[in-house]
There are 2 protein chains.
Amino acid sequence: MSSLDSITASLASLSITPSATVLHAETNSPASWREALLATPSVPESFELIKTLVYKPKTAKTAVPVPVVVIARDDTETSSSALGKKLNLKDLRLASEDLLAEVFSLDKNSLSLLALTKYTFPKVTTVIDSSIASSSATFAIHASSSSSTIFLSGKDIVSYLQSLETDELKVQEVDFAALKTEAPAAKPAVKEKEEAKIEGAVQIAIGVKKEVDFSAWYQSVRAFRVLLKADMLEYYSVSGCYILRPWSYSIWEEIQDWFNKKIKAMGVQNASFPMFVSSKVLEREKDHIEGFSPEVAWVTRAGSSDLEEPIALRPTSETVMYPYYAKWIKSHRDLPLKLNLWNNVVRWEFKHPQPFLRTREYLWQEGHTAHLTKAEADREVTDILELYRRVYEELLAVPMVTGVKSEKEKFAGALYTTTVEGFIPASGRGIQAGTSHCLGQNFSRPEMFNIVVEDPNDPSGQGKTYAWQNSWGLSTRTIGVMVMVHGDNQGLVLPPRVASVQVIVVPCGITAKTSDADRNKINDACDELARSLIDVDIRAKADLREGYTPGYKFNDWEQKGVPLRLEIGPNDLAKQQTLSVRRDTGAKAPIALGDLKATIPKLLETIHNDMYTKALNEYNAHLKEVTRWEDFVPTLDNKCIAVIPWCEAEACEDDIKERSGRSAEPQDERAPSAGAKSLAIPFDQGRWSPIEPGKTKCVGCGQDAKRWTMFGRSY
Amino acid sequence: MSSLDSITASLASLSITPSATVLHAETNSPASWREALLATPSVPESFELIKTLVYKPKTAKTAVPVPVVVIARDDTETSSSALGKKLNLKDLRLASEDLLAEVFSLDKNSLSLLALTKYTFPKVTTVIDSSIASSSATFAIHASSSSSTIFLSGKDIVSYLQSLETDELKVQEVDFAALKTEAPAAKPAVKEKEEAKIEGAVQIAIGVKKEVDFSAWYQSVRAFRVLLKADMLEYYSVSGCYILRPWSYSIWEEIQDWFNKKIKAMGVQNASFPMFVSSKVLEREKDHIEGFSPEVAWVTRAGSSDLEEPIALRPTSETVMYPYYAKWIKSHRDLPLKLNLWNNVVRWEFKHPQPFLRTREYLWQEGHTAHLTKAEADREVTDILELYRRVYEELLAVPMVTGVKSEKEKFAGALYTTTVEGFIPASGRGIQAGTSHCLGQNFSRPEMFNIVVEDPNDPSGQGKTYAWQNSWGLSTRTIGVMVMVHGDNQGLVLPPRVASVQVIVVPCGITAKTSDADRNKINDACDELARSLIDVDIRAKADLREGYTPGYKFNDWEQKGVPLRLEIGPNDLAKQQTLSVRRDTGAKAPIALGDLKATIPKLLETIHNDMYTKALNEYNAHLKEVTRWEDFVPTLDNKCIAVIPWCEAEACEDDIKERSGRSAEPQDERAPSAGAKSLAIPFDQGRWSPIEPGKTKCVGCGQDAKRWTMFGRSY
C-alpha cells in the first residue's frame with residue numbers, strides 16, 4: 001500500500017473527502033482498534049469499523065488461485081461456506097500471510113480495502129457487503145497501516161472501489177444478511193472457528209476472532225459508551241489505561257472518605273511506599289510472584305542510560321512492604337502493625353482491557369497488617385470484608401454475597417481469601433468485587449521475610465512466634481460494578497450517597513413569550529431551591545444554562561445518572577411546588593416547596609433503598625440451586641449463577657470449568673461460553689437445604705459434597 | 001578479592017566475628033553506600049564508613065611504583081601532600097584504574113581493605129588512620145563487592161591487617177588529625193581537588209569527591225537521621241525512593257484536606273490520569289520535554305515480552321492531559337476547565353537523592369486549568385500561590401517569600417513561573433517550596449495541542465482563541481522543608497496544626513512505692529485528660545505504656561516532635577493541675593485541670609505563632625540587601641541570601657552563578673560552594689530602597705537594574 005499522503009491524494013482525485021484522518025496506537029484486533037480510535041481526539045462522534053477479509057478458494061494444484069477480498073461491516077456475519085456457494089468457489093479459507101505478501105506485498109496488519117489499487121484489484125475477486133453503499137454511517141478504514149484510520153461514508157467506499165473497475169472486472173455486491181438466512185443449516189459459527197485455526201491463516205484488520213466471550217465484551221462496550229457520554233471516563237492513548245474524570249473520581253473520593261474513617265477507627269494508619277520493586281525482592285516469595293510475573297511491567301531505562309538491573313512496578317505491595325515489617329517489628333509490643341496505602345498498581349494484562357474492570361494501571365487501597373495471633377488476624381479479615389460489603393451495599397446500593405474463595409481461586413501466597421462477590425444481570429456473570437486475605441505465616445516465615453517476635457505467651461520465655469499477616473484490597477472496580485448493575489438504556493443511574501450531584505434543579509416552562517421578570521423569577525426560585533438543599537447537606541445544583549431547552553437538560557442529567565430532578569415552571573411556582581422526577585424509576589410527584597428540607601433527604605434514602613432492593617431481587621432470582629449436572633450449563637446459559645453442593649477438590653473445579661466451557665460452545669457464537677469457575681463458598685450456608693455429610697454428593701464429580709458453592713461465568 | 005564466603009572464613013580463622021554482614025544495592029559513592037545501608041534491615045544501629053584510597057607516588061620511569069593504600073574513617077581528611085611528606089614519597093596521586101587492576105585484579109567498585117591479602121599486601125604500602133584502632137565505633141567495610149558490607153570493630157580491622165604483616169613489612173599507623181595541623185599552609189583542599197581531576201584517577205569505595213556542596217549534604221544526613229528516629233521515614237531498597245511512615249504521611253493528609261477544600265471552593269475538580277505516556281505524546285512540546293528527558297524512566301518490558309515502543313512514566317502531566325483538553329474543550333462554554341490530580345510522579349535524578357527534597361518518585365498535587373482570557377489565568381496563578389504560601393505559613397509555620405522566577409529558572413514550557421521560596425537556616429540555602437505556572441498559550445497553540453474555541457468577544461463571530469493555561473504543583477517536599485526549618489538537636493519539632501499527636505499526656509512520679517490504687521488514679525487522670533481534649537478536637541493521647549520510665553517517654557515524644565507534653569504526678573493531682581512542657585521552647589508551666597479545654601487550644605495556637613515568628617525572624621535576618629559585588633560571595637558564605645538590584649538578563653545570571661561558584665572554592669572544602677542562582681524576584685519590592693530606573697545598577701553586570709532579586713545557594 002502506498003503512503004498516507006498518496007492515499008489522500010488518490011481519494012482527492014476522486015473528489016472524496018474523508019470526514020477525518022487520524023493517527024493512533026498500533027492495533028491488532030477490532031477491540032484494540034476501536035479503543036485506539038475512542039482514545040483519539042477528533043474522531044467522528046459515531047462510526048462503524050470495516051473489516052477486510054481475504055479468502056483463498058481451493059483450486060487444482062497447478063492453477064493460480066484468485067483470492068477473494070471481502071469488505072463488510074464489523075458486525076456482519078460473513079459465512080465463508082455460504083459465500084463460496086454463492087460465488088461458486090470451493091472450500092473458501094482464510095488466506096495465509098504468504099499469499100497476502102505475494103498479492104499485496106504487505107503484512108496483515110497493514111492491509112485494508114485501500115490496499116486495492118489499480119495494480120492489485122485485477123488479481124483478486126472483490127466482494128462488498130451490499131448494506132454498506134446505502135448506509136448513512138461513517139466507516140473507519142485503516143489507511144496506510146494499523147496505526148492510521150480514514151473515515152469514509154459508504155458511498156465513498158463504493159466510489160473508490162468502482163474507480164478500480166475495468167470492463168472485465170467488477171466489484172461484486174453480496175447481501176450477507178440474506179446469505180445468512182439462506183444457509184442456516186451450515187453452522188457457520190463452528191465452521192468459521194475451525195477455519196480461524198488453520199495454521200498460517202490470518203485475519204485482516206478486523207477478523208472473525210470475536211473471542212469466546214464476545215457477548216460479555218459487547219455488553220461492556222455498550223456499557224462503556226455510556227461511561228463516555230456521562231463524562232465518567234475517557235479512553236487513553238496507552239492501551240488498557242483510562243482517565244477517570246471528576247464525575248467518576250468523585251465517587252472514588254466518597255468511598256475513600258467513608259473507608260478511611262472506618263479503618264482509622266480500627267487503628268489502621270495510612271502510609272506511602274515506593275512503587276518500584278527490585279527484581280530480587282519481588283521474587284522472594286515464589287508462589288506469590290508466580291501469580292503476578294506474567295503481568296509485571298519493568299523499567300529498564302532512565303533518560304538515556306540503561307539501569308543496572310530492571311526495576312518492577314508493583315503489582316501489589318506485599319514484597320515491597322514486608323522487609324520493613326521485619327525491621328520495624330522487633331517485639332510483640334510492636335504488634336499489631338496496621339498500615340494502609342491508597343495508591344496505583346500495575347498489572348500489564350494482555351487480555352482485553354475493560355474500563356474499571358481490567359485495566360493496566362488502577363487505583364486501589366491495600367491494607368497490610370501483622371498480628372500476634374491467628375485469632376486476631378482472622379477477626380480482622382472478617383471485619384474488613386464487612387466494610388467492603390458495606391461500601392457496596394450502603395454506598396453503591398449493590399448487593400453482595402460474602403464468602404471464601406476455593407483453593408484454586410485464592411490469592412497467590414494466601415492462607416485463605418475471603419471475598420465480596422457481585423452479579424451483573426445483563427451478562428449473567430459473577431464479579432469479584434473485593435478481597436480480604438489471611439496470609440497466615442507464609443510471608444513471615446524465616447526463609448521469607450522473617451517477621452518474628454518473642455512469644456509472650458510461651459511459659460519458657462524462649463519461644464518465638466512468626467507474625468500472622470493479612471492483606472486486603474478494594475479498587476476502582478467498585479465504580480465499574482456500580483455502573484453495570486444500575487445503568488439502563490438512558491445511561492447511568494447513580495446511587496444517591498455517592499453522586500456528586502444528588503439533585504439537579506431545572507427551570508421549565510420558559511418560552512419566547514415569557515417576560516424577563518418571570519424568567520428571572522423562575523431561575524431565582526431554582527437557585528434558591530438548590531441553596532436551601534445545600535443548607536441541609538444535599539449536593540444540589542441548579543442548571544441555569546442559557547440556550548439549552550429543558551429537554552436537553554433532562555437528557556443530559558439523565559445520561560449522567562443524577563438521582564433526582566426537580567422541575568420548576570410558572571405553574572409550579574404559582575402552586576409553590578416542584579415536580580420531582582426519580583432517575584431510577586422515572587416516577588414523578590409534586591412536592592410542596594415548604595417541605596423540601598425534610599422530604600428530599602428522605603426521598604434520596606428511598607431511592608437508595610429501592611435501587612438496592614431491585615438489584616438484590618435480581619441477584620437472588622439469578623442464584624439458582626442446582627443439584628444435577630444436566631442443569632448446570634443450562635443454568636449458566638440462562639444468565640444465572642449455579643449454587644451447587646461441592647466437594648471443594650481442585651481437580652473437580654478444573655473439570656467443571658473444562659466441561660462447562662466445552663458444552664457451551666455449539667449454542668451461539670456470541671453467548672458467553674467460557675467455562676464456569678467457583679466464585680465463592682458463601683458464609684451463609686443456611687440459604688440452601690442442609691448438606692448431609694456422606695450423603696449429599698458433589699454436582700461436579702459425585703464425591704461427598706462439603707458446602708454449597710457458587711459457580712458461574714465471571715469477569 | 002575472594003568471595004564473601006572465603007572472606008568470612010578467613011576472618012573466622014582470626015576469631016573475628018563481624019557484628020553483621022549484609023547484601024544491598026550497588027553503591028558508587030559514600031552517600032549511596034550510606035543510604036543503601038540505612039535501607040537494609042539488620043544493620044547496626046550506628047556505624048561509620050571506612051574509606052580505602054590508593055595513591056601512586058611519582059617514581060623514575062624505570063622503577064616499579066609501590067602503591068600506598070590508605071585506610072581511614074570517611075570523615076577524616078587525608079591530605080596526600082602531607083602524607084607524601086610524612087612517608088617521604090614524591091607527588092602522591094590517586095591511582096588509575098589500570099594500576100588497581102594490575103595490583104589487585106579488581107575494579108575500583110569492588111575494592112576495600114579486605115582486598116589486602118597475603119598476595120597483595122606485600123605489593124603495597126599500607127597506611128591506617130591511627131584513630132581507628134582505639135575507636136569504639138562499628139565500621140562498615142565493603143566485603144566482596146560494592147553491594148556487600150561487613151561491620152567490624154576498629155580492633156578487628158587492625159587484627160586483620162596485622163595478620164598480613166611479615167617481618168619485613170608492617171602496617172603503618174598515621175595520625176591524620178595531627179598531620180593536618182602540621183601542614184596547614186599546604187592548601188590541601190585545592191590540591192586534592194586537582195588530583196581528583198587527574199585523568200584515569202579513581203577514588204576507591206569512599207573517595208575524596210565530597211561534592212562541592214558537602215556541608216549541605218552533611219546537614220541533611222544529620223537531619224534525616226532524625227527522620228528515621230522519629231519514625232517519619234524509612235530508607236528503601238531502590239535508591240532515591242523512600243517510605244513515608246504514618247507519622248509523616250498524616251502530615252501530607254492534613255495538607256491534602258486543607259488544600260482540597262480550598263481548591264474545590266475555587267471550582268477545581270479532582271480527577272485521575274494514567275501515569276504512562278507514550279514517547280510520541282511526551283515529545284510533543286520540545287521545550288517542555290527538554291527540561292525533563294534526562295530524568296524520564298522508561299518501561300520497555302511487560303512479563304517476558306518487550307513492548308512495541310517504550311512507555312514513559314510521567315515526570316509531570318502536561319502532555320498526558322492536554323490532548324484530552326483539546327477534545328473536551330469545544331466551546332468557550334467549556335471554559336474554564338480546572339482539574340487537579342493527587343498522584344505520584346517519577347524523575348529519575350542522578351544527583352544525590354535526599355528524602356522529601358530530591359527523590360525519584362514523589363507524591364504531589366498537580367493542577368491543570370484552561371481559561372478563556374489571560375487575565376483570568378493570571379488571577380488564578382496568584383490565587384494558587386497564595387494557597388501555597390498559606391499551607392507553609394498557616395499549617396507548617398514556615399515563612400515564605402512569594403515572587404516570580406527568572407527566565408532561566410522558570411518551568412520548562414511556561415510563560416512565567418511564580419514561586420514560594422523558603423530558607424533553611426542550618427545550611428543558609430534557599431529552597432523552592434511550591435510553584436504556580438502560567439503556561440500562556442504555549443501548549444494550546446495549533447502546532448502543540450490545539451486547544452481552541454471560538455472567541456465570544458470577537459465582533460465578527462469568526463475569531464478563534466487559544467486557551468490560556470496554568471499548571472501548579474505542591475509536593476511532599478513541604479514536609480522536608482518543615483523538618484529542616486523547625487528541627488533541633490533533640491529531633492523533630494512539629495507545628496501543632498499538622499501534628500498527628502498534638503498533646504501527649506505522660507503519667508509521672510510513679511515509683512516502686514506507689515500503691516496500685518494511686519498508680520491507677522494517675523493513669524486514669526491522664527486518660528481522662530486526653531479524652532477531655534479529644535472532646536474539643538485536640539489530637540491528644542495518653543502514653544500509659546508499662547515498663548517505660550517517664551524519661552524514656554519524654555525523649556521518645558520529643559524526638560517525634562509532639563508540640564506539647566502534659567505531665568501528671570501525685571502532686572499535680574493533689575493540686576488539680578498538670579505541668580505543660582512546650583516542645584518548641586522547652587518552657588514549663590502548670591495549668592489548672594479545670595481550665596484545659598480553654599487553655600490548651602490557645603496554647604497550641606501560641607506555639608504555632610511562636611514557631612512561625614522565630615522562623616520568620618531567622619529568614620529576615622538572613623535576607624541581606626547587597627549592592628556591591630564584593631559583598632555578594634561573603635554574604636552567601638555567611639549563610640545568607642543576597643538580595644540585589646538585578647538586570648534580569650539570563651547571561652548575567654549565568655555569570656553570577658559561575659563567578660560565585662568559583663570564588664567560593666578556596667575558602668573551605670566543606671562549605672557550600674556551588675554557585676548562586678536567582679531564587680525569586682519578590683512581589684513585595686517595597687522591602688528595599690526603590691530602584692531608580694537608569695540609575696540603580698545591576699550588582700552582577702553593572703547594567704541598569706530592574707528589580708530586587710534574591711540570589712542564593714539552594715537545594
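## Cores, a helix and a sheet in a predicted two-chain model

Of the 162 residues that make up the largest nonpolar core, those touching the most other members are A:Met232, A:Phe276, A:Leu313, B:Phe276 and B:Leu313. Helix α10 (residues 246-265) of chain A gives this core its largest share, eight residues. The model is predicted, and the points below take up the cores, one helix and one sheet in turn.

**Nonpolar cores**
- Leaving aside residues up to four places away in sequence, A:Phe276 touches A:Val299, A:Ile311, A:Ala312 and A:Leu313 in chain A, and B:Tyr236, B:Val238, B:Cys241, B:Leu313, B:Val346, B:Trp348 and B:Glu361 in chain B.
- Another core, of 68 residues, lies apart from the largest one and has B:Leu233, B:Leu357, B:Met484 and B:Val498 among its members.

**Helix α14 of chain B**
- Helix α14 (residues 374-395) of chain B has 22 residues, which at 1.5 Å a residue should span 32 Å, and the 31 Å between its end C-alpha atoms agrees with this.
- Its buried residues include B:Ala377, B:Val381, B:Ile384, B:Leu385 and Tyr388 of chain B, as well as the charged-name entries B:Glu380 and B:Arg389.
- Just after α14(B), B:Ala397 adopts a positive phi of about 60 degrees.

**Five-stranded sheet of chain B**
- The strands of this open sheet follow the order β24-β23-β25-β26-β27 (chain B), and their pairing is mixed.
- β24 (540-542) and β27 (588-592) of chain B are the edge strands, each pairing on one side only, while the twist from one strand to the next averages 25 degrees.
- Strands β25 (residues 564-568) and β26 (residues 577-582) of chain B run antiparallel and are joined by four bridges, with B:Leu566 opposite B:Ser580 in β26(B).
- Helix α17 (residues 550-559) of chain B lies across β23 (503-507), β24 and β25 of chain B, and runs at about 170 degrees to β23(B).

How values were computed. Residues numbered from 1 in each chain as written. Chains lettered and ligands numbered in written order. Predicted model: local features only at pLDDT ≥ 70, side-chain atom pairs only at ≥ 80, totals over all residues. Heavy atoms only, no water. Expected span 1.5 Å × (residues − 1). Buried < 20%, exposed > 50% of the residue type's maximum accessible area, 1.4 Å probe, protein only. Core = buried A, V, L, I, M, F, W, Y, C linked by side-chain atoms within 4.5 Å. Contact = heavy atoms within 4.5 Å. Pairing = 2+ DSSP bridges. Axes fitted to C-alpha atoms, helices over the stretch in contact; angles between N-to-C directions.
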